[in-house]
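Let's take a walk through a protein model together. Have a look at the structure below, turn it around a bit, and then read on.

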Amino acid sequence: MSPDAASPLPHPTEEDSVHTTPWARLSGHRATGAAALTVLAVVLLAAPLVLPDFWQQLILFSGAAAVGAIGLNLLVGVNGQLSLAHGFFLAVGAYGYAYLGPGTGDAGTGSVGLPTPVAALLAVAAAGVAGLLFSPVAARVRGIYLGLASLALIIVCKQVLAGARTLTGGAYGRDIPEFDLLGFHFGDQSPYLYVLGKPFGAFDRLWYLVMVVLVLAYVFMRNVLRSRVGRGLRTIRDSEAAAAAAGVHVQRYKSLAFTLSSVYAGIAGVLLGLLFQHVVPEYFSLTLSVQYLAMIVIGGMGSARGAVAGAFVVTGIPLLLAEYSEHIPFTSTAGDGGLDTGVLSQFVFGALIIVILIAGARRPGPLLRSRRAKSGDPAASAVPTPASGPTERIRA
């Protein structure tokens with residue numbers, strides 16, 4: 001027998017065993033995640049310097065809308081409360097910021113003249129207070145009846161935006177003051193910036209503001225979903241009786257969900273106002289609320305990632321169709337007899353929703369698949385949805 005065959009198998013050393021421990025694997029996952037976050041941060045920082053204007057604006061408007069979609073998904077997808085009033089809270093954020101901030105010289109409009117960061121915070125707080133005031137209704141009414149009750153806010157919003165000219169500027173709307181943080185203007189005014197020979201204008205500067213707010217909004221919702229509050233909200237969605245038996249204060253949690261959703265909508269309203277630079281009452285209509293519902297249905301109910309994906313789809317498709325309409329058969333501008341790109345985008349949204357409903361959209365949505373959760377992973381806790389059956393799961 002050769003010496004090699006007779007020699008016993010070598011025992012694993014302590015150094016070798018370290019690499020097989022769960023802690024080592026966890027460290028490896030953390031290192032990979034940190035590297036991915038670093039690459040993402042670099043890409044986001046450099047994007048305004050290399051992206052064409054069209055794609056930059058598409059991502060900006062989609063990112064701002066994603067903040068509002070995250071809030072609505074917390075209310076509808078996680079807590080199971082149907083709301084058709086999201087456009088109302090967006091309007092509170094946008095017009096609240098315009099009214100509380102510095103004046104823009106619009107004829108017939110008033111302004112308080114507060115610094116823009118203070119005006120933005122108060123506008124978001126006003127949207128949250130509006131949601132809190134409506135939350136007793138939301139806590140006592142459910143399903144389609146809550147949706148019909150929330151329509152009252154849209155009706156009130158329409159009348160106020162049309163009649164309160166000092167606040168809204170009437171049918172012609174009003175300009176939105178540029179955001180100013182510690183003397184730095186997020187607009188085309190002073191200081192004039194050039195980065196690598198490229199003018200750094202309003203959209204370039206707002207890029208970083210929108211991305212920071214979107215990341216914070218996403219992280220906050222993820223933490224809520226993983227917390228005791230998130231488990232309570234999902235339990236209420238599945239069975240209010242079971243939630244009450246488990247010690248969950250049903251009305252308080254439902255009020256909290258509606259208030260948080262309104263705060264998210266207020267933030268989105270401020271961001272969209274800064275991007276549009278001018279807001280009109282027609283934008284904040286029932287159609288806008290339905291579009292936000294389409295975002296969370298297309299992206300995935302109860303999913304933070306799905307809300308972001310759905311916002312990019314619903315916001316991006318009309319812009320893409322309008323940009324490349326000359327290359328799409330049977331499309332034309334409005335009034336030319338062909339198929340308007342705006343109408344075509346509605347057909348696309350409707351088809352997507354029908355396909356998703358027929359296919360029984362899996363977690364977190366057909367547009368954003370996730371890997372099956374590994375056992376023992378606390379971040380991948382799943383809760384069955386009542387509308388989809390016991391095999392469905394909702395994950396952040």
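A handy word to start with is "buried": a residue is buried when its relative accessible area is under 20%, exposed when that area is over 50%, and partly exposed in between (1.4 Å probe, protein chains only). With 22% relative accessibility, Glu240 counts as partly exposed. Keep that residue in mind, as we'll come back to it.

Some ground rules. This is a predicted model, so local features need pLDDT of at least 70, side-chain atom pairs count only at pLDDT 80 or more, and totals for chains, interfaces and linings use all residues. Residues are numbered from 1 along each chain as its sequence is written, and side-chain values use heavy atoms, with hydrogens and water left out.

**The whole chain**

The chain has 15 helices and 10 strands. Helices (H or I, at least four residues) and strands (E, at least two) are DSSP runs, numbered from the N terminus. Of the 396 residues in the chain, 42% are buried. A contact here means heavy atoms within 4.5 Å. Among contacts between residues at least 6 apart in sequence, 71% join residues at least 24 apart.

How confident is the predictor? Its confidence in each residue is called pLDDT and runs from 0 to 100. The chain averages a pLDDT of 79, and 78% of the residues score at least 70. Over residues 363–396 the pLDDT is below 50, although this stretch has 72 contacts in the model beyond near neighbours in sequence. Residues 12–20 also stay under 50, with three contacts beyond four places in sequence. Where pLDDT is low, the predicted coordinates should not be read in detail.

**The core and a helix pair**

A nonpolar core is a set of buried Ala, Val, Leu, Ile, Met, Phe, Trp, Tyr and Cys residues joined through side-chain atoms within 4.5 Å. The largest one has 90 residues, and Phe88, Tyr97, Phe284 and Tyr292 touch the most other members. Not counting residues up to four places away in sequence, Phe88 touches Ala130, Leu153, Ile154 and Cys157.

Tyr97 also gives us a link to Pro117: the two are 20 residues apart in sequence, with their C-alpha atoms 9.2 Å apart in space. Pro117 lies in helix H6 and is partly exposed, at 24% relative accessible area. Setting aside neighbours within four places in sequence, Pro117 is in contact with Phe179, Asp180 and Leu181.

Now find helix H9 (residues 202–226) and helix H14 (residues 304–323). They pack at an angle of about 145°, with their axes 9 Å apart. Axes are lines fitted to C-alpha atoms, for helices over the stretch in contact, and angles run from 0 to 180 degrees between N-to-C directions. On the H9 side, Leu214, Tyr218, Met221 and Arg222 meet Ala304, Arg305 and Val308 of H14.

**Salt bridges**

Side chains of opposite charge can pair when their charged atoms come close. A salt bridge is a side-chain nitrogen of Lys or Arg within 4 Å of a carboxyl oxygen of Asp or Glu. How many does a search of the whole structure find? There are three, listed here.

| Acidic partner | Basic partner | N to O distance |
|---|---|---|
| Glu240 | Arg142 | 2.8 Å |
| Asp238 | Arg237 | 3.1 Å |
| Glu240 | Lys254 | 3.1 Å |

Here's Glu240 again. Salt bridges that share partners join Arg142, Glu240 and Lys254 into one network. Glu240 lies in helix H11 and Lys254 in helix H12 (residues 250–276), so this pair ties together parts that are 14 residues apart in sequence. Arg142 sits in the loop between helix H6 (116–140) and helix H7 (144–163), so its bridge to Glu240 ties together parts that are 98 residues apart in sequence. Is Lys254 buried or exposed? At 3% relative accessibility, Lys254 is buried, while Arg142 is exposed at 55%. In the remaining pair, Asp238 is partly exposed at 30% and Arg237 is buried at 13%.

**One last residue**

Finally, find Arg174 in strand E1 (residues 174–175). Arg174 is buried, with a relative accessible area of 1%. Its contacts beyond four places in sequence include Tyr95, Asp106, Thr168 and His278. The C-alpha atoms of Arg174 and Gly108 are 9.6 Å apart, though the two are 66 residues apart along the chain.

Note on methods:
pLDDT = per-residue confidence, 0-100.
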